[in-house]
Amino acid sequence: MCRGWEQEGILRCLLNNLDPNVAEDVEKLVVYGGKGRAARSHKDLNLIVEALKHLGDDETLIVQSGAAVAVLPTHPGAPRAIISSAMLVPAWSDSQSFWNLEARGLTMYGQMTAGGWFYIGTQGVLGFTYETFLALGRKHFDGKLAGKRVLTAGLGGMGGAQGFAIPKAGARALIVEVDEKRARRRASAGWVQHLTHDYDEAIALLHASDAPEAIALIGNIAEVAPRLLSDGVHFDAVTDQTAAHDALNGYVPIGYSPEDTRTATADDTAYLAAVKASMLRHGEALLEFRRRGSIVFEYGNNLRDQVRRAGLDEIMSIPGFVNEYVRPIFASGVGPFRWIALSGDDEDLRKSEDAVLEVAGTPGLEKWFELARAGIPRQGLPARICWLGLGQRDAVCTRLNELVAAGEIGPLALGRDHMDPASVASPLRETEGMLDGSDAIADWPVLSAMLNCAQGATWVAVGNGGGVGVGNSIHTGMVVVADGTPRAAEKIRRVFWTDPALGVARYADAGYDAAIQRAAETGLNLPRLTDTLAKRHTGEAR
């Protein structure tokens, strides 16, 4: 046991990231997303664990790219840990420079919640995937995906959510996965209903019924997609969620095995050339599907930019999922909130879900919890994700901390994904196509991290390259441990108001009407928009 619940909460979430039922490769400390790690090495992991066990309530652990570099005196209201992963000077923030520094043991790719120690398994992206396909149906198919066919690839830590979310949204999916181990993992969890190595069997299963199911085909999408086109197989929608952001150890090229990819090195020019050629072939297939009438979009893995770098500029005309389907949610200041029951007791999760519904319940949220309870297998510690915004998060978290204080549930870790309105700058994903052209402005996630440190979050993490590769994004996450104490109540009151408030400010500043309206409703002080907010408040402008 650590010296306090804040420290214990950090430790349990770190170790939860590396639970064999959660992590993609425990031996290599890879949690998800190609090679998103929780610690730089096993030695560094042990040092972090020991530091947390002895960390005082007036100390802060400093973590530099997966390594504990200092324990410094601070104060009880400060974070107990602050984390920075894969950060490089901008002119050096490219894949090759990063790989060279990583090979020398100087840095580590932390993805988002891998290095930020708040991953909750495939469920973490499930809300995004589910909402994306519902929005796809609303925009292109009159709100109905029943009987529609979807082609995609990837059943890893992120892509695995597709097997659950696409059928729940009503469609029938063919999901190509090159790594049989990953595919079988999803099948054993019930997230895909059929698993086969045989292409013809997969196509037969695809057309055997209109029932919403997922068919996993073991194969390489760069080979399978052109074959599907050659055979005239039609899909209503096509996307991809392979680890294409990581051209070295994420995307498996034609002629190579998943193990080859896991052990590839940056000086293997033949391998990298094969990756480039395979991505190009994959991209050409996506464009051809679109020409034949499929709705095609990129699901946030940076495949478009990789294909563009391989020489196919037209690929950038394919839209990204955030700008195409999720932007209205972000623009209203709403994002993915999550929590973990640190006790490991499923009943704590159930009671906390009920409390969330009491405070911020909607028919949609109630339906989501019903789906999650019935269909999402537990990975590691009990956890849940849902979409909450300004005015909801602080109220929900305050209520949860009250339940802990009353002894009705055990301590919780309360936080969010890095993919939140103000916490990420990613011109190829979350901030693509901003109204004011501020796609690449990275001040917002930096301000988010500083604000959450100032407000006393239990731990705060910043990173480079999550989801889309080094040099393509800056992002930040935070967590507060609710242990029922007055200090936790105060931290919750501060953090879970100002964190989503900054998200509203970011989108209001960019000119989004929904954010401006929310700012007016909640009385936010946004100096650049004082006159506009005053008119909204008095009802003069709509």
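# Briefing on a predicted model

The side chains of Thr261 and Tyr271 make a polar contact at 3.0 Å. The structure is a predicted model. UniProt, in an unreviewed entry, marks a domain named "Urocanase N-terminal" at residues 2–117, one named "Urocanase Rossmann-like" at residues 121–325 and one named "Urocanase C-terminal" at residues 328–519. The points below cover these spans, then the cores, the strands, the helices and two buried residues.

**Annotated spans**

- Residues 2–117, annotated in the UniProt record as "Urocanase N-terminal", are 30% helix and 20% strand. The C-alpha atoms at the two ends of this span are 17 Å apart.
- Residues 121–325, which the record labels "Urocanase Rossmann-like", are 46% helix and 11% strand. Here the end C-alpha atoms lie 23 Å apart.
- Residues 328–519, recorded as "Urocanase C-terminal", are 46% helix and 18% strand. A distance of 15 Å separates the end C-alpha atoms of this span.

**Nonpolar cores**

- The largest nonpolar core has 125 residues, and the members that touch the most other members are Trp368, Leu414 and Trp459.
- Helix H17, at residues 486–509, gives the most to this core, with eight residues.
- A second core, separate from the largest one, has 45 residues, among them Tyr109, Val176, Leu217 and Leu287.
- Leaving aside residues up to four places away in sequence, Trp368 is in contact with Leu126, Gly127, Tyr130, Ile376, Arg384, Ile385 and Cys386.

**Strand E5 and its two partners**

- Strand E5 runs over residues 81–85. Ala81, Ile83 and Ser85 make up its covered face, while Ile82 and Ser84 make up the uncovered one.
- E5 is joined to strand E3 (residues 59–64) by four bridges, and the two run parallel. In this pairing, Ile82 of E5 has Ile62 opposite.
- E5 is also joined to strand E16 (residues 459–464), by five bridges and again in parallel. Gly463 in E16 stands opposite Ser85.

**A six-stranded sheet**

- An open sheet is formed by six strands in the order E8-E9-E7-E6-E10-E11, with parallel pairing.
- Its edge strands are E8 (194–196) and E11 (295–296), each of which pairs on one side only.
- Within the sheet, strand E6 (residues 149–153) and strand E10 (residues 237–238) are paired in parallel over two bridges. Leu151 has Val238 of E10 as its bridge partner.
- In general, the strands of a sheet pair through backbone hydrogen bonds, in a parallel or an antiparallel sense.

**Helices H4 and H17**

- Helix H4 covers residues 123–140, which is 18 residues. From its first C-alpha to its last it reaches 26 Å, close to the 26 Å expected at 1.5 Å a residue.
- Of the 18 residues of H4, 13 are buried, so the helix is largely enclosed by the rest of the structure.
- Asp142 follows H4 and has a positive phi, near 55°.
- Helix H17 has 24 residues, which should span 34 Å at 1.5 Å a residue; the end C-alpha atoms are 34 Å apart, so the two values agree.
- Gly511, just after H17, takes a positive phi of about 100°.

**Thr261**

- Thr261 is part of helix H9, at residues 258–262.
- Thr261 counts as buried because its relative accessibility is 2%, and buried means under 20%.
- Besides the polar contact between its side chain and that of Tyr271, Thr261 touches residues including Leu248, Asn249, Gly250, Tyr251, Val252 and Pro253.

**Gly333**

- Gly333 sits in the loop between helix H12 (321–331) and strand E12 (335–341).
- With a relative accessible area of 2%, Gly333 is buried.
- Gly333 and Tyr507 are 174 residues apart along the chain, yet their C-alpha atoms are separated by 7.5 Å.
- When residues up to four places away in sequence are not counted, Gly333 touches Leu388, Gly389, Leu390, Pro421 and Val504.

Key. Residues are numbered from 1 along each chain as its sequence is written. This is a predicted model: local features need pLDDT of at least 70, side-chain atom pairs count only at pLDDT 80 or more; totals for chains, interfaces and linings use all residues. Side-chain values use heavy atoms; hydrogens and water are left out. A nonpolar core is a set of buried Ala, Val, Leu, Ile, Met, Phe, Trp, Tyr and Cys residues joined through side-chain atoms within 4.5 Å. Buried means under 20% relative accessible area, exposed over 50%, partly exposed in between (1.4 Å probe, protein chains only). Contact means heavy atoms within 4.5 Å. UniProt positions are given in the numbering used here, feature names are shortened, and annotations may be inferred rather than shown by experiment. Two strands pair if DSSP finds at least two bridges between them. A polar contact is a pair of N or O atoms within 3.5 Å; within protein, one must be able to donate a hydrogen and the other to accept it, and residues adjacent in sequence count only if both atoms are side-chain atoms. The expected span of a helix is 1.5 Å times one less than its number of residues.
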